[in-house]
Amino acid sequence: MNITIGNPWAVSEKGGRLNNEDSIFPLPETANSNQNLFLVCDGVGGAEKGEIASSLACESFQTFFSTFREGEPNADFINKAIRYTEARFDDYVAIHPEAKGMATTLTMTFVGTTGITSAHVQPNDRAAASAEQNQDFDY
């Protein structure tokens with residue numbers, strides 16, 4: 001399978017909020033042709049510190065991937081990345097109790113040599129998050 005990644009781009013709208021609660025990885029200006037992990041995190045509107053939650057989730061998830069990934073990620077590895085990210089949230093809230101209740105969604109796409117792996121996590125079902133690997137793509 002041969003998958004070519006073009007330059008990523010992103011569009012984000014803050015809607016009626018004063019601040020943008022979205023975060024992405026990689027930022028378009030830092031992406032390169034070897035990039036294979038892509039994240040979109042959307043801080044939950046109405047919850048405390050959505051912009052911090054989305055940024056922290058992107059940073060923590062990609063840090064886990066870049067530190068511990070060996071080969072293609074599977075559902076177990078992705079769930080470990082989610083638990084690692086949750087632990088970083090706990091660490092942050094322990095230092096900043098005013099951020100209790102912060103939440104974000106996280107959508108991940110990993111373009112590997114054997115296919116595309118994706119996962120989506122909602123704030124209330126992180127423990128039930130699962131990953132699907134689709135190897136039926138042929139570009």
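Which residue forms a salt bridge with Arg88, and how many Å apart are the closest N and O atoms? In this predicted model, the partner of Arg88 is Asp91, and the closest N and O atoms of the pair are 2.7 Å apart.

**Overall architecture**

The protein chain has 139 residues, of which 32% count as buried. Its secondary structure comes to two helices and five strands, and these elements follow one another along the sequence in the pattern β-β-α-α-β-β-β. Among the contacts in the chain with a separation of 6 or more, 55% are accounted for by residues 24 or more positions apart.

**Salt bridges in helix H2**

Side chains of opposite charge can pair when their charged atoms come close. The count of salt bridges in this model comes to two. One of them is the pair already introduced, in which Arg88 and Asp91 both lie in helix H2, three residues apart, or about one turn of the helix. The other joins the side chains of Asp76 and Lys80, with an N to O distance of 3.4 Å; these two residues are four residues apart in helix H2, which spans residues 75-95, so about one helical turn separates them.

The accessibility of the four participants is set out below.

| Residue | Relative accessible area | Class |
|---|---|---|
| Asp76 | 43% | partly exposed |
| Lys80 | 38% | partly exposed |
| Arg88 | 25% | partly exposed |
| Asp91 | 38% | partly exposed |

Arg88, with a relative accessible area of 25%, is classed as partly exposed because its value is not under the 20% that marks a buried residue.

**Packing of the two helices**

Two packed helices are described by the angle between their axes and the distance between the axes. H1 and H2 pack at an angle of about 135°, and their axes are 9 Å apart. This angle makes H1 oblique to H2, because only values over 145 degrees would count as roughly antiparallel. The crossing in which H1 passes H2 is right-handed. On the H1 side, the residues that meet H2 include Ile52, Leu56, Phe61, Phe64, Phe65 and Phe68, while those in H2 that meet H1 include Phe77, Ile78, Ala81, Ile82, Phe89 and Tyr92. Lys80 and Arg88, both of them salt-bridge participants, are also among the H2 residues that meet H1.

**The nonpolar core**

The largest nonpolar core has 22 residues, and those with the most contacts inside it are Leu39, Phe61, Phe65, Ile78, Leu106 and Met108. The elements that give two or more residues to this core are E2, H1, H2, strand E3 (104-111) and strand E4 (116-121), and H1 gives the most, with seven residues. Leu106 touches, once residues up to four places away in sequence are set aside, Leu39, Val40, Cys41, Ala57, Phe61, Ala119, His120 and Val121. Two of the residues named for the helix packing, Phe61 and Ile78, thus reappear among those with the most contacts inside the core.

**The surroundings of Lys49**

Lys49 is found in the loop between strand E2 (37-43) and helix H1 (50-68), where it is partly exposed, with a relative accessible area of 27%. Lys49 is in contact with Glu98, Ala99 and Met102, leaving aside its neighbours within four places in sequence. Glu21 is 28 residues from Lys49 in sequence, and the C-alpha atoms of the two residues are 8.3 Å apart in space.

Notes:
Residues are numbered from 1 along each chain as its sequence is written. This is a predicted model: local features need pLDDT of at least 70, side-chain atom pairs count only at pLDDT 80 or more; totals for chains, interfaces and linings use all residues. Side-chain values use heavy atoms; hydrogens and water are left out. A salt bridge is a side-chain nitrogen of Lys or Arg within 4 Å of a carboxyl oxygen of Asp or Glu. Buried means under 20% relative accessible area, exposed over 50%, partly exposed in between (1.4 Å probe, protein chains only). Contact means heavy atoms within 4.5 Å. A nonpolar core is a set of buried Ala, Val, Leu, Ile, Met, Phe, Trp, Tyr and Cys residues joined through side-chain atoms within 4.5 Å. Axes are lines fitted to C-alpha atoms, for helices over the stretch in contact, and angles run from 0 to 180 degrees between N-to-C directions. Angles under 35 degrees count as roughly parallel, over 145 as roughly antiparallel, 65 to 115 as roughly perpendicular and the rest as oblique. A crossing is left-handed if the near helix is turned anticlockwise from the far one by less than a right angle, and right-handed if clockwise.
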